Number of protein chains: 2
Amino acid sequence: MNTKQTDDTTQASADFAGVPKLDDQICFALYSASGLMTRLYRPLLEPLGLTYPQYLAMMALWERAPRTVGGLGEVLGLDSATLTPLLKRLEAGGFITRRRDAADERRVLLELTAKGQSLRGPAKDVAVQILCQFPRLSAVELDGLHRILAKLIAGLRETDAKAPAAD
Amino acid sequence: MNTKQTDDTTQASADFAGVPKLDDQICFALYSASGLMTRLYRPLLEPLGLTYPQYLAMMALWERAPRTVGGLGEVLGLDSATLTPLLKRLEAGGFITRRRDAADERRVLLELTAKGQSLRGPAKDVAVQILCQFPRLSAVELDGLHRILAKLIAGLRETDAKAPAAD
DNA sequence: TCCATTTAAATCGTGCACGATTGTTTAGTA
DNA sequence: TACTAAACAATCGTGCACGATTTAAATGGA
């Protein structure tokens with residue numbers, strides 16, 4: 001309760017009052033960067049008929065198929081409540097098929113259609129376009145960013161896995 | 001069509017075929033990290049009656065008020081279509097007030113209520129809690145992450161500003 | 001064999017995000 | 001002054017995200 005003994009006398013930086021804002025900045029930076037990235041992809045993915053999350057799902061399937069809804073969710077960090085409607089839209093768009101696994105009727109198997117397969121090429125071009133439009137960060141910076149993000153995500157996943165299943 | 005002259009000889013890593021996936025990984029990493037951060041905040045913000053985007057809006061108002069909807073949107077990188085309903089919820093929750101600017105009836109001024117002000121303390125504790133649960137990244141890594149993200153965001157904002165207003 | 005438990009996906013309700021449009025108000029200009 | 005253009009917020013429709021719940025199938029004992 002007495003965590004705020006930095007009673008407003010912290011006028012050192014003039015615009016934040018004793019609050020450890022640095023971490024918030026990082027969280028907000030992640031939030032902002034994520035949103036801006038999605039915005040960067042939007043116009044490139046629109047001609048393909050995909051949103052960014054749909055593009056992620058397709059990438060996962062291009063890497064490996066068939067997959068179950070749960071398996072895909074684990075890779076993307078999303079649950080069935082998010083994925084089921086998204087996958088139905090991909091199915092409606094003719095990119096994938098969804099069918100119950102005969103061996104285990106609880107599972108739903110996701111498969112690429114020919115149309116879904118054919119999007120691999122254009123998707124490569126999208127990646128190239130993104131690279132072109134990418135802000136001028138050096139290879140070292142990009143690498144460092146990627147490395148630290150991986151570490152951060154690993155840590156966050158760990159924390160996340162502990163919280164829900166308290167018991 | 002012939003943009004893929006990296007003709008599949010990239011079997012170095014065995015599981016990606018000529019696609020420049022590195023950048024995608026970074027985009028996906030940003031997407032994942034952002035989502036995981038939000039999840040980390042959720043249980044801490046819930047007792048306060050705030051979501052993470054609402055918390056961001058409140059932070060902006062704690063730093064400076066009154067603000068217009070547009071002004072807040074510029075800071076957060078969101079438009080009125082997102083903010084208006086969010087702000088109405090904050091108003092319904094008794095955290096802020098919204099009123100037309102008498103000097104310019106187009107603007108809507110956002111002000112903190114006493115209740116909104118009183119949340120500053122608990123919000124500090126949230127920031128502390130986040131820091132505690134934060135994955136074990138060294139201060140150097142956190143700093144590097146923050147610095148590169150800032151650079152990335154600046155670049156993305158620049159690109160973003162150019163795209164919509166073509167012509 | 002039967003039944004409780006677990007697992008998998010779907011569903012529901014709420015909230016965020018954004019492109020496009022609409023309705024006002026203000027500013028600019030002939 | 002009148003009339004167009006710009007600025008600002010709100011609204012609408014679509015899609016993502018998630019907690020909580022529901023339904024159905026598989027599993028593991030007693």
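Good morning. Around DNA strand D there are 27 residues, and the ones that come nearest are A:R89, B:Y31, B:T84, B:K88 and B:R98. Of the atoms of DNA strand D that come within 4 Å of the protein, 75% belong to sugar and phosphate. Please keep in mind throughout that this is a predicted model.

Which elements of the two chains form the surface near DNA strand D? In chain A, α2 (52-63) and α4 (80-92) each supply at least two residues. In chain B, the elements that each supply at least two residues are α1 (21-45), α3 (69-76), α4 (80-92) and β2 (96-100). By character, this surface near DNA strand D divides into eleven charged, nine nonpolar and seven polar residues.

Let me turn to particular contacts with the phosphate oxygens of DNA strand D. In A:Q54, a side-chain N or O atom is 2.9 Å from a phosphate oxygen of the strand. For B:G70, the partner is a polar backbone atom, 2.7 Å from a phosphate oxygen of DNA strand D. B:R107 places a polar side-chain atom 3.4 Å from a phosphate oxygen of DNA strand D.

I now move to the interface between the two protein chains. How many residues does each chain bring to the contact? Chain A gives 63 residues and chain B gives 63 residues. The area buried between chain A and chain B is about 6,400 Å², and carbon and sulfur atoms give 70% of that area.

There are also charged and polar links. Between chain A and chain B, four salt bridges are counted. In a salt bridge formed by B:E141 with A:K151, the closest N and O atoms are 2.9 Å apart. Six residue pairs are in polar contact across the interface of chain A and chain B, with both residues at pLDDT 80 or more.

On the side of chain A that touches chain B, at least two residues come from each of α1 (21-45), α2, α3 (69-76), α6 (120-133) and α7 (139-162). The largest share of that side, 18 residues, is supplied by α1(A). The residues on the side of chain A that touches chain B comprise 36 nonpolar, 17 charged and ten polar.

Finally, a word on the fold of chain A itself. Chain A contains seven helices and three strands, arranged along the sequence as α-α-β-α-α-β-β-α-α-α. Chain A has 167 residues, of which 44% count as buried. Among contacts in chain A with a separation of 6 or more, 48% are between residues 24 or more positions apart.

Thank you for your attention.

Terms used. Residues numbered from 1 in each chain as written. Chains lettered and ligands numbered in written order. Heavy atoms only, no water. Near = heavy atom within 4 Å. Polar contact = N/O pair within 3.5 Å; in protein donor to acceptor, adjacent residues only side chain to side chain. Helix = DSSP H or I, 4+ residues; strand = E, 2+ residues; numbered from the N terminus. Nonpolar A, V, L, I, M, F, W, Y, C, P; charged D, E, K, R; others polar. Contact = heavy atoms within 4.5 Å. Buried area = accessible area lost by both parts, 1.4 Å probe. Salt bridge = Lys/Arg side-chain N within 4 Å of Asp/Glu carboxyl O. Buried < 20%, exposed > 50% of the residue type's maximum accessible area, 1.4 Å probe, protein only.
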